[in-house]
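Here are some short exercises to work through with the model open beside you. Try each task before reading its solution.

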Amino acid sequence: MTKRTVAFEVVETLKDMGVKHVFGVPSGGWVDYMEALRVTDGIEFILTTHEGGAGIMAEVVGRITGVPGVCFGTFGPGATNLATGVGEALLDRSPMIALTDEMGEALRGRTVQMAIDHQAFFAPITKATTRLHAEAVREILAEARNLAVSGRPGPVHVGLPVGMSAVTVDGDRAALPAPAPLAPPPEAVMAEAAARIAESRRPVVAVGLGAVEAGLAKGILALADKLHSPVVLTPMAKGMLAEDHPCYAGVLFHALSDIVGETHKHADLVLAIGYDPVEFNYESWMAPVPLVSLDVEPADINKEAYPDVFDVVGAIAPALDHLLAANLGSKDWDLSELAARKDDMTRLMNPENAQLGPTKVLSILRELLPQEGIMVCDVGAHTHLIGQCWQTPYPRAQLMTNGWSTMGFALPAAIAAKLARPEVPVCAVVGDGGFLMTVGELATAVRYNVPMVVVVLTDNDLALIRIKQQKKGNPIYGTPVRETGSIGGPDLFGVPVHTVHNAEDLRKQLEAAFKADGPVIVEAIVSSAEYDSLVLKKDKA
């Protein structure tokens with residue numbers, strides 16, 4: 001039996017799980033773990049500018065790969081900084097193992113510099129929190145991994161007591177126990193679901209984040225072809241059905257969702273597949289009709305307002321397969337009316353304005369980004385445009401945070417996407433407000449020479465909040481980012497900045513940026529006026 005330190009046991013266990021990157025800002029207690037990372041092939045420590053960026057990067061890697069993203073923060077402020085990304089993993093449903101320093105047993109609970117109770121701190125924003133024990137390193141980390149990837153994926157916090165890293169343990173690298181597969185729903189339940197759908201005349205299919213996690217894009221396409229009924233998506237389920245499919249009805253909650261609502265308001269039943277209300281509650285859009293829900297958990301809905309709810313709980317794939325094999329009857333939808341509404345949305349999302357606007361920027365970017373590429377967006381008014389108009393050829397070709405919704409997401413997320421998928425081009429779209437929140441992670445992109453294109457939409461306006469102020473009749477206050485100007489300078493942290501004011505220059509700079517061998521910023525000076533007529537519409541009257 002081989003002797004090794006706890007630090008090496010941790011790193012080798014993470015490697016055996018398929019972890020390739022550990023993101024964080026080091027501490028004195030982390031030195032032994034960094035040395036183990038340095039000498040172990042196939043896994044790398046990524047030094048980030050801020051622990052918040054490390055958490056976001058780990059979340060995105062977990063989301064893209066299905067292997068828990070791993071991040072580290074030290075005591076106190078390191079852990080609290082990390083929490084932004086940890087909470088993101090919880091509500092955006094991504095597997096993560098969040099590691100932090102913890103006091104050794106002798107000082108636990110004492111008054112010590114930087115020390116807070118990390119177990120209590122992380123409890124509300126994780127699926128579970130635990131701490132490492134030298135005699136059970138692989139068991140504890142395997143249990144954390146299995147919990148992180150099970151059901152609705154999410155983060156697990158593991159505290160690393162200071163001083164334990166150098167302890168020598170017996171390590172035999174026994175095979176890690178695999179997560180238990182989710183059982184299919186009972187046959188009788190699946191049959192009843194099919195019968196209810198067969199009785200409906202105008203069902204609407206609502207596809208959510210759980211369907212993405214279950215890898216059901218082919219099944220959703222087959223169901224749309226079988227039912228000939230409208231399909232709506234939540235924003236993070238973009239790519240589950242092609243926008244040009246006759247049954248594609250649009251994205252809930254985002255731009256022009258009132259037009260999307262003109263379709264789903266006529267439903268006599270909603271078939272929800274992997275629908276996760278963390279993105280948008282049922283009650284905010286759904287007509288008072290029966291609900292059939294295929295998901296890993298029962299539907300979270302107001303049962304008084306929606307008394308007819310039928311839950312098909314368990315693995316979603318076999319439940320969908322059952323529906324595809326069943327006789328679901330003929331339906332009464334007029335898909336030509338749906339096509340006309342989609343044409344109206346396309347027209348409205350392509351306004352002809354004299355000044356460069358965000359819709360034109362997105363149109364040119366979509367044209368130039370290869371179909372296999374990944375686009376990451378931040379949080380703001382532009383997110384609502386992207387949710388509705390960005391053509392997304394496959395699931396997770398467009399990445400956003402719509403459960404946690406943290407501004408500053410795009411920059412660290414794009415870095416993580418490129419590290420996880422180095423073979424595809426990656427770009428980020430971020431407003432100038434969100435850009436300022438994590439701009440320091442540009443230094444990370446430079447440090448690891450991450451080729452990516454960052455499109456900054458500079459309108460000097462927190463437009464989404466400004467529109468809400470105006471809807472209430474309030475004066476504009478606290479939402480201008482600056483009076484005028486741009487993000488400034490020919491480069492930031494060594495990343496070249498190219499500022500454009502028109503479509504022709506934008507196209508030229510983007511074409512050059514996608515050919516670059518490192519990070520490039522293209523800043524588009526845009527008017528935020530376009531947002532006013534497109535976003536924050538009511539999904540139902």
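**Exercise 1: the cavities**

About 40 Å³ of space lies in the largest cavity of this predicted model.

Task: find how many cavities of 30 Å³ or more the whole structure holds, and which residues line the largest cavity.

Solution. Start with the search of the whole structure, which gives two cavities of 30 Å³ or more. Next, list the lining of the largest cavity: Arg63, Leu209, Met236, Arg396, Gln398, Leu399 and Met400. Sorting these residues by type gives four nonpolar, one polar and two charged.

Then turn to the second largest cavity, with a volume of about 30 Å³. Its lining includes Arg152, Tyr275, Asp295, Glu297 and Asp300. By type, the lining of the second largest cavity has five nonpolar residues, one polar and four charged.

**Exercise 2: the sheet**

Task: work out the order of the seven strands in the open sheet, and which strands are at its edges.

Solution. Reading across the sheet, the order is S16-S15-S17-S18-S21-S20-S19, with mixed pairing. Strand S16 (398–399) and strand S19 (491–492) are the edge strands, each pairing on one side only.

Now look at S17 (residues 426–431) and S18 (residues 453–458): these two strands pair in the parallel sense over five bridges. Within them, Ala428 stands opposite Val454 in S18.

**Exercise 3: helices on the sheet**

Task: find which strands helix H13 lies across and which strands helix H19 touches.

Solution. Helix H13 (residues 358–368) lies across S17, S18 and S21, running at about 165 degrees to S18. Helix H19 (residues 503–513) packs on the sheet and touches S18, S20 and S21. The direction of H19 makes about 170 degrees with that of S21.

Terms used: Residues are numbered from 1 along each chain as its sequence is written. This is a predicted model: local features need pLDDT of at least 70, side-chain atom pairs count only at pLDDT 80 or more; totals for chains, interfaces and linings use all residues. Side-chain values use heavy atoms; hydrogens and water are left out. On a 1 Å grid over the protein atoms alone, a cavity is a set of points where a 1.4 Å probe fits but cannot get out, and a pocket is an open set with protein on both sides within 12 Å along at least five of seven lines; lining residues have an atom within 4 Å of a point. Grid points are joined across faces, edges and corners, and a volume is the space filled by probe spheres set on the points. Ala, Val, Leu, Ile, Met, Phe, Trp, Tyr, Cys and Pro count as nonpolar, Asp, Glu, Lys and Arg as charged, and the others, Gly among them, as polar. Two strands pair if DSSP finds at least two bridges between them. Helices (H or I, at least four residues) and strands (E, at least two) are DSSP runs, numbered from the N terminus. Contact means heavy atoms within 4.5 Å. Axes are lines fitted to C-alpha atoms, for helices over the stretch in contact, and angles run from 0 to 180 degrees between N-to-C directions.
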